[in-house]
Amino acid sequence: MLKFLTILKVGLKAIARNKMRSALTALGIIIGVACVIAMIAVGQGSQAAIQAQISSLGTNFLMIFPGVATQSGARIFTGNSTITDDDVDAVRAECPSVAYVTPVSRSAAQVVNGSLNWGTSVQGVGVEWPFVRSWNVDKGAFFSDSDVRAASKVCVLGATVANALFEGQDPVGQMVRIKNFPFRVIGVLETKGGNTMGQDQDDTVIAPYTTVMRVLKKTSKIDMFMASAVSRQAVEEAQKEIEALLRQRHRLGPGQDADFMIRSQQEIAQTADQTSKTLSLLLASAASISLLVGGIGIMNIMLVSVTERTREIGLRKALGARSGDILRQFLIESSTIALFGGALGVLCGVLLAQLVSIVSPLPSAVQVWSVIGGLLVALSVGLFFGTYPASKAAKLDPVVALRSE
């Protein structure tokens, strides 16, 4: 331990004798580690933001679309609704992995309150829709099952529509007109924000699906329905149960194409997550090139240092220093420079990640493992690229070294 401390002290003194050169040598490591830390932070932050947006769609979310057929080898929507209320009731009753289910009937409409009007989409849904979408009511209440059975002209406004039509006033209990039909506002949804496609989820009006079908659309067919599995682990099983039940009810044979399509939230999440991970990997790989350049810089400077200190090395060997002592001394110098650069790089990377999140819409999340990994990589770069110069110094013949100028 005493010998190691002596070697460390000598190495640190050698670095301190050339402060500017040591700082410039560490610059490549600083830039490399900072870029890697920042890119990983932005990538992780983006992944978290995407997952949060996907989670805002609902819990264990499944969407079942009707009217799908295969034409010329391609799956397309035919526009024909092949799903009925009875199908939805059957899924609710016969699929144990399904917790909640709601029909959906959509219609674009102009919503009017006095002199104010707003163009939006009206979604006709069932009473279980708030549980499927994990979307609570902020003011007032959601409509009841009796409102659905009676096709009552009641509605719940999204936050964007409420602000546009009532300008900060409480809309609960007020009347609005949708396609010239009077609707009573019974609630306002909590704010959700944008979805993964950048669309405003709060720009919507929710009403009983029976009302939308009979009053606004004059139809007896639903557009689709949504379902929520009992747990995240049960989503795949719920999808299989729904598919098997609908195929049975629609009398589809084993080799016959389904006349519906099921899309799960997990598919969207996995695709977005994989895309984000790939982008993060590409950015981190590009930033890692700076670490390679920094390592080459360390090797170059250490070779210069060996040349400059040839007589010193010869003198140490003549006084009893072994080749292993010389090897460790130069390895300590190279790894110290790299570790110092790595520490500064981590600090710069954290600051850069915070700056990116401030000046741009990209979120960032600095990971502890990326900080530890950055320091370990920097240390590894120092040891790897310092090995050759250290080995060269250790192999010097003391007699030849003492003769050098």
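This report walks through some charged pairs, nonpolar cores, a helix crossing and two single residues in a predicted model.

## Charged partners

Let's start with charge. Side chains of opposite charge can pair when their charged atoms come close. Across the whole structure, a search turns up 6 salt bridges.

One of them links D89 with R92, whose closest N and O atoms are 2.9 Å apart. Both residues belong to helix α3, which covers residues 85-94. They sit 3 residues apart, or about one turn of the helix. How accessible are these two partners? D89 is partly exposed, with a relative accessible area of 41%, and R92 is also partly exposed, at 35%.

R92 has another partner as well: E128 forms a salt bridge with R92, and here the closest N and O atoms are 3.3 Å apart. E128 lies in the loop between β5 (116-125) and α4 (129-133), while R92 is in helix α3, so this pair ties together parts that are 36 residues apart in sequence. Is E128 buried or exposed? At 19% relative accessibility, E128 counts as buried, because the cut-off for buried is under 20%.

Elsewhere, the side chains of D223 and K217 meet in a salt bridge, with 2.9 Å from N to O. D223 is partly exposed, at a relative accessible area of 28%, and K217 is partly exposed with a value of 28%. Returning to the earlier residues, salt bridges that share partners join D89, R92 and E128 into one network.

## Nonpolar cores

Now for side chains of another kind. In soluble globular proteins, nonpolar side chains tend to be buried together. In this model, the largest nonpolar core has 42 residues. Which residues have the most contacts inside this core? They are I64, V91, F143, F225 and I242.

F225 is a good one to look up in the structure. Leaving aside residues up to four places away in sequence, F225 touches a list of residues including L62, M63, I64, V91, P103, I242 and L246. There is also a second, separate core of 21 residues, which includes I29, I326, F330 and A393.

## Two helices that cross

Helix α3, the home of D89 and R92, also meets helix α8, which spans residues 235-249. Their axes come within 10 Å and cross at roughly 135°. The two helices are therefore oblique to each other, since an angle has to be over 145 degrees to count as roughly antiparallel. The crossing of α3 past α8 is right-handed.

Which residues make the contact? From α3 they are D86, D87, A90, V91 and E94, and from α8 they are I242, L245, L246 and R249. You may recognise V91 and I242, which are among the residues with the most contacts inside the largest nonpolar core.

## Two residues to find

Try finding S152 in the loop between α5 (145-150) and β7 (154-157). S152 is buried, with a relative accessible area of 18%. Apart from residues up to four places away in sequence, S152 touches S146, D147, P208 and T211.

Next, look for F260 in strand β12, which runs over residues 260-264. F260 is buried too, with a relative accessible area of 3%. How far apart are F260 and G67 in sequence and in space? They are 193 residues apart in sequence and 5.7 Å apart in space, going from C-alpha to C-alpha.

Terms used
Residues are numbered from 1 along each chain as its sequence is written. This is a predicted model: local features need pLDDT of at least 70, side-chain atom pairs count only at pLDDT 80 or more; totals for chains, interfaces and linings use all residues. Side-chain values use heavy atoms; hydrogens and water are left out. A salt bridge is a side-chain nitrogen of Lys or Arg within 4 Å of a carboxyl oxygen of Asp or Glu. Helices (H or I, at least four residues) and strands (E, at least two) are DSSP runs, numbered from the N terminus. Buried means under 20% relative accessible area, exposed over 50%, partly exposed in between (1.4 Å probe, protein chains only). A nonpolar core is a set of buried Ala, Val, Leu, Ile, Met, Phe, Trp, Tyr and Cys residues joined through side-chain atoms within 4.5 Å. Contact means heavy atoms within 4.5 Å. Axes are lines fitted to C-alpha atoms, for helices over the stretch in contact, and angles run from 0 to 180 degrees between N-to-C directions. Angles under 35 degrees count as roughly parallel, over 145 as roughly antiparallel, 65 to 115 as roughly perpendicular and the rest as oblique. A crossing is left-handed if the near helix is turned anticlockwise from the far one by less than a right angle, and right-handed if clockwise.
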